[in-house]
Amino acid sequence: MKDISMLSMVSKTVSQHIINYISTSSGSKRLLLQDFHDLELPDREDTAIVEHYRSLGLLFKRCTLLLPTKERLKYIHKILADVSCFKFNGCAAPLQCVGLLCYGIFLQTLTAGWDELECHRVYNFLCELTHLSRKMQTVVCSKPGSARKLELRIRLFCRNVLLDHWTHRSDSAFWLTCILKPWPMVNQARLLYIIFGPISPQDGQVVWQKMIEGPTDESCLKGLAEAIKLLYDTGTKEWTADDVISLVDELSVVPREWLLENNARLLILSGNNICFTFMASKAVNGRTIELAKLIVFLALVSEKELYCMDWAVKMMQKVCKVFSTPVERNNFLQSVADAFACAIMEMLQLVMSGDGDDDDRSFMNLFHLVQAQASFHKEVLYLTMNVLPS
């Protein structure tokens with residue numbers, strides 16, 4: 001395949017011969033391999049068929065070099081149209097299929113080095129081809145989970161075709177921006193959750209209640225945190241820091257308000273800059289009580305995950321400086337102390353009432369919170385007394 005793609009650059013005549021051959025039934029049969037359902041794949045991206053489509057993307061890139069972008073896309077679609085697993089709803093077993101992955105690798109190789117205008121044309125072409133915007137509108141305007149199969153198809157298409165294969169983060173940020181930016185913020189948050197949120201290991205469908213029903217773990221939040229960092233850190237001109245912070249805020253109520261522990265875990269995974277900017281925004285907007293509660297749960301997650309507690313204390317110290325007067329700072333610190341007391345009392349009542357889904361889990365949560373408060377205040381004492389921990 002690589003040799004043929006090199007040969008296609010020898011002359012326009014040779015290139016045309018190769019294009020003509022690809023268009024024949026014999027050529028398409030030999031080049032468009034369709035063994036996408038091998039269930040024993042150890043690493044999906046390193047398989048022979050994926051590498052084949054990477055090489056095929058290079059061949060099409062070189063063969064169609066002299067055509068305008070629109071004509072290139074039309075020709076490529078014409079050739080690939082018969083591969084059912086490349087279509088949005090084309091595969092009956094999408095979770096066991098590498099078809100969309102191969103399609104994504106093919107498109108990545110084809111468009112590598114193209115400028116933003118051309119890549120926007122590619123995105124628009126794919127949207128027209130798949131009616132992607134209309135499908136997204138259906139899921140963002142419906143009750144979460146009411147169109148589970150469509151949510152899954154959107155997730156698989158966006159991740160496998162558009163987002164997951166790029167070497168440079170700026171490229172991933174470009175495609176994620178294409179997906180999110182046409183929508184209002186509330187819909188952006190919903191789409192972000194559909195594409196990167198937690199899924200069921202049984203059927204791959206989005207689990208909407210995960211952040212509401214109980215504390216979750218890093219694996220459920222890592223995808224969302226990476227997407228948020230992508231938009232914040234890559235300096236994409238379409239996203240200001242305020243945009244990303246508003247998106248995080250909106251995400252924390254999808255589909256309803258998250259448990260604060262899950263919110264805190266997402267902020268920690270998103271990194272220091274996003275965490276501080278998010279908290280500073282609450283300080284500036286006078287949301288002191290919310291901010292104090294968040295400090296408590298940052299400490300709780302730090303205790304559970306064995307992170308350094310002095311990080312949480314230094315984050316609080318940094319946020320303190322955002323308040324403009326000593327009175328505001330003192331009120332904030334008082335609110336943090338009160339928030340610790342309230343959180344402990346609420347967990348204690350839950351343990352004593354026996355109303356928790358799992359009494360052992362409720363007791364362990366209380367245990368971790370008491371430990372978190374002790375560790376947090378120990379670090380505060382070290383800080384205020386100018387004593388270095390041994």
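How far apart are the end C-alpha atoms of helix α16, and what span should its 13 residues have? The end C-alpha atoms of α16 (residues 272-284) are 18 Å apart, which agrees with the 18 Å expected at 1.5 Å a residue. The expected span is 1.5 Å times one less than the number of residues in the helix. Helices here are DSSP runs of H or I with at least four residues, strands are runs of E with at least two, and both are numbered from the N terminus.

The structure is a predicted model, in which local features need pLDDT of at least 70 and side-chain atom pairs count only at pLDDT 80 or more, while totals for chains, interfaces and linings use all residues. Residues are numbered from 1 along each chain as its sequence is written, and side-chain values use heavy atoms, with hydrogens and water left out.

The chain as a whole has 20 helices and zero strands. Its C-alpha trace spans about 80 × 45 × 45 Å along the principal axes. Of its 390 residues, 48% are buried; buried means under 20% relative accessible area, exposed means over 50%, and partly exposed lies in between, with a 1.4 Å probe and protein chains only. Contacts, meaning heavy atoms within 4.5 Å, can be sorted by separation along the chain: among those with a separation of 6 or more, 70% come from residues 24 or more positions apart. One long-range approach is between Val50 and Cys102, which are 52 residues apart along the chain but have C-alpha atoms separated by 5.2 Å. Val50 belongs to helix α4 (residues 48-63) and is buried, at 0% relative accessibility.

UniProt, in an unreviewed entry, places the feature "domain: FBXO47 ARM repeats region" at residues 131-346. UniProt positions are given in the numbering used here, feature names are shortened, and annotations may be inferred rather than shown by experiment. That span is 72% helix and 0% strand, and its end C-alpha atoms lie 48 Å apart. His131 sits in the loop between α7 (116-130) and α8 (132-141). The phi of His131 is positive, about 55 degrees, although it is not a glycine, and the residue is partly exposed at 40% relative accessibility.

Return now to α16. Its buried residues are Ile274, Cys275, Phe276, Phe278, Met279, Ala280, Lys282 and Ala283. The cover over these residues includes α13 (218-233), α14 (241-251), α15 (260-270), α17 (288-304) and α18 (309-320). After α16 comes Gly286, with a positive phi near 75 degrees.

Lys282 is buried, with a relative accessible area of 7%. Side chains of opposite charge can pair when their charged atoms come close. Lys282 forms a salt bridge with Asp249, with the closest N and O atoms 3.9 Å apart. Lys282 is in helix α16 and Asp249 in helix α14, so the pair ties together parts that are 33 residues apart in sequence. A salt bridge is counted when a side-chain nitrogen of Lys or Arg is within 4 Å of a carboxyl oxygen of Asp or Glu. Asp249 is partly exposed, at 26% relative accessibility. Both residues belong to a salt-bridge network of Asp249, Lys282, Arg287 and Glu290.

The count of salt bridges comes to 14. Another of them joins Asp243 and Lys181, at 3.8 Å from N to O. Asp243 is in helix α14 and Lys181 in the loop between α10 (169-180) and α11 (185-196), so distant parts of the chain, 62 residues apart, are linked. Asp243 is partly exposed at 21%, as is Lys181 at 31%.

A further salt bridge, 2.7 Å from N to O, brings together Glu305 and Arg265. Glu305 lies in the loop between α17 and α18 and Arg265 in helix α15, so this pair ties together parts 40 residues apart in sequence. Arg265 is buried, with a relative accessible area of 4%, whereas Glu305 is partly exposed at 33%.

The loop between α17 and α18 also holds Leu306. Leu306 is exposed, with a relative accessible area of 75%, and has a positive phi near 60 degrees. In the loop between α14 and α15 lies Pro255, which is joined to Val254 by a cis peptide bond with omega about -5 degrees.
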